Amino acid sequence: MAGVTLYHWEPNANSGKPMLALMEKGVAFDSHYIDMLQFDQHRPEYLAINPQGTIPAMTHGARVLVESTAIMEYVDEEFPGPALMPDSARDRWRVRWWMKFMDQWLAPSFSMIGWSVFVGPMVRQRNPAELEAAIARIPLPERRVSWRKAIHGTFSEAEMAESQRRVARGIELLEAELGKREWLASDSYSLADINGFNLAYAIPLSQPALSNDEKTPNLLRWLRAVYARPAVKQCWALGRTDMVKRVAILEQERI
Amino acid sequence: MAMVLYHGEPNGPSLAVLAALAESGVAVERRRIDLLAGERHALPGVTEPLARDMGIEGEGPVLVIDGEAMTESVFLAQFFDELSDRPSLQPRDPHAHWEMMMWCRQITERLSPAAALLGNLAVSRKGLATMPDEAFSAMTDRIVSADLRARWEVLRDGAADPAQVEDSRAKVSQAVERCEGKLADGREWLMGDLTIADFETYAWLAGMERVVPEAFADKPLTAAWLARVGARPSVAGALAEADGDAAAFWAPGPEINRWG
């Protein structure tokens with residue numbers, strides 16, 4: 001059978017989604033760590049695989065797949081192992097709805113904050129000419145704009161306030177939804193939980209005033225339940241930065 | 001399982017869903033609402049409004065089952081397809097399915113926000129701009145999502161960013177280019193076989209021919225494909241029920257990507 005290679009950064013946000021989906025399915029894969037902070041994703045050897053220069057990307061034999069949520073759906077359909085989409089069409093609709101809502105509305109707000117407090121400061125110390133050359137190599141114009149803002153810390157006050165508003169609203173919506181059922185989008189663990197955990201695992205640490213055992217008991221119950229899964233432990237063990245070690249907060253009995 | 005589909009005039013997401021529904025043959029009660037009068041935000045019997053209130057698509061159709069509002073045209077099309085016993089509009093092969101989902105995602109992330117902005121500026125703005133303040137407020141106060149409400153307000157004020165308008169025209173041209181490229185090998189439908197991608201793409205693109213005509217110039221394969229999709233009984237039937245010129249009907253859609 002054709003081999004699977006995954007090109008990924010940290011088990012976090014988009015990279016973590018296909019990593020965890022493959023591990024939950026029990027699919028063996030070659031892991032290629034792409035160091036986003038060293039701009040590995042814009043080097044010629046990676047652009048030869050994904051000309052858009054976005055992470056993650058997956059190869060399966062001669063096939064090249066991009067876009068984390070779409071890769072997860074492919075992994076679930078292509079390989080044997082536990083089903084990560086529910087049986088009922090209505091539940092599948094709900095899984096897809098939540099993934100789109102998170103991918104397009106909530107995650108960009110989390111990531112704007114994450115980039116301004118984490119990614120930007122980490123790369124900012126480098127030689128400015130080297131950074132400018134690195135930005136110039138980014139294939140997608142939209143990503144060039146994003147990187148410039150992150151590196152130079154120029155997200156506007158209004159942009160940051162809007163992202164913070166969406167994060168706060170998103171936490172309320174996740175809490176309400178997880179009060180309806182055990183898992184995010186259906187009664188069985190699904191791709192929506194994998195997607196959501198990658199987005200939300202550090203919320204109790206990064207947004208302590210908005211999310212804790214008292215304010216968001218259902219969100220915390222769910223985060224701990226996902227974290228208890230062997231595949232999640234295995235996946236987060238591949239992390240190299242302090243950012244993903246924040247997941248350890250879920251080991252506390254009381255947050 | 002009683003299902004009620006609330007939809008607008010057959011253009012944009014409402015057309016995509018009406019066409020997919022007709023192709024599926026699934027029995028659903030359809031109720032036409034006036035999206036531009038904000039009727040979507042005052043539907044009866046909705047006890048779980050999350051997807052209606054926070055959907056990415058903006059003023060798209062809403063399917064209500066057991067009080068739960070369901071939205072997003074691609075996913076509603078998949079839902080009807082998966083309930084149907086007719087030949088599927090989704091490829092069975094996982095890789096071909098991935099390609100269809102990727103295509104639809106490109107359409108809904110890049111073309112839809114652009115087409116909605118341009119279409120609304122061209123046809124919806126006038127009516128909203130002349131609406132009395134109290135009536136406009138009464139209508140938009142019901143909208144739960146602050147960012148969707150802001151898109152209505154921009155349309156009424158005419159405060160659209162010229163750079164976004166220019167970029168939106170480019171996005172429409174890029175979508176037509178992609179169709180032309182995909183059809184270059186002589187295939188009949190975008191993915192080879194007829195799929196949801198044909199209906200989703202047609203629904204957002206057909207109304208753009210009059211707004212960005214230069215995007216369609218010298219694109220014979222796309223023109224022929226648009227004619228083929230338009231001739232499907234599912235699409236022609238939906239269009240025949242339009243109360244007026246369907247392709248001239250727009251309501252606020254998805255937001256333009258705010259991440260750079």
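Of the 255 residues of chain A, 44% count as buried in this predicted model. The overall dimensions can be read alongside that figure. The C-alpha trace of chain A spans about 50 × 50 × 30 Å along its principal axes. A compact globule of 255 residues would have a radius of gyration near 18 Å, and because chain A has 18 Å, the two agree. The secondary structure of chain A consists of twelve helices and four strands. Contacts within the chain often link distant parts of the sequence: among those in chain A with a separation of 6 or more, 72% are between residues 24 or more positions apart.

It is helpful to look next at how the chain is divided. The domain assignment splits chain A into domain 1, covering residues 4-78, and domain 2, covering residues 89-251. The C-alpha centres of domain 1 and domain 2 of chain A lie 18 Å apart.

Where the two domains of chain A meet, 23 residues of domain 1 are in contact with 27 residues of domain 2. On the domain 1 side of chain A, the elements that give two or more residues to the surface touching domain 2 are α1 (13-25) and α3 (68-78). Of these, α1(A) supplies the largest share of that side, with eight residues. By residue class, the side of domain 1 of chain A that touches domain 2 comprises eleven nonpolar, seven polar and five charged residues.

Methods: Residues numbered from 1 in each chain as written. Chains lettered and ligands numbered in written order. Predicted model: local features only at pLDDT ≥ 70, side-chain atom pairs only at ≥ 80, totals over all residues. Domains from an automatic or database assignment. Contact = placed C-beta atoms within 7 Å. Nonpolar A, V, L, I, M, F, W, Y, C, P; charged D, E, K, R; others polar. Rg over C-alpha atoms; globule rule 2.2 N^0.38 Å. Buried ≥ 20, exposed ≤ 12 C-beta atoms within 10 Å, placed from the backbone.
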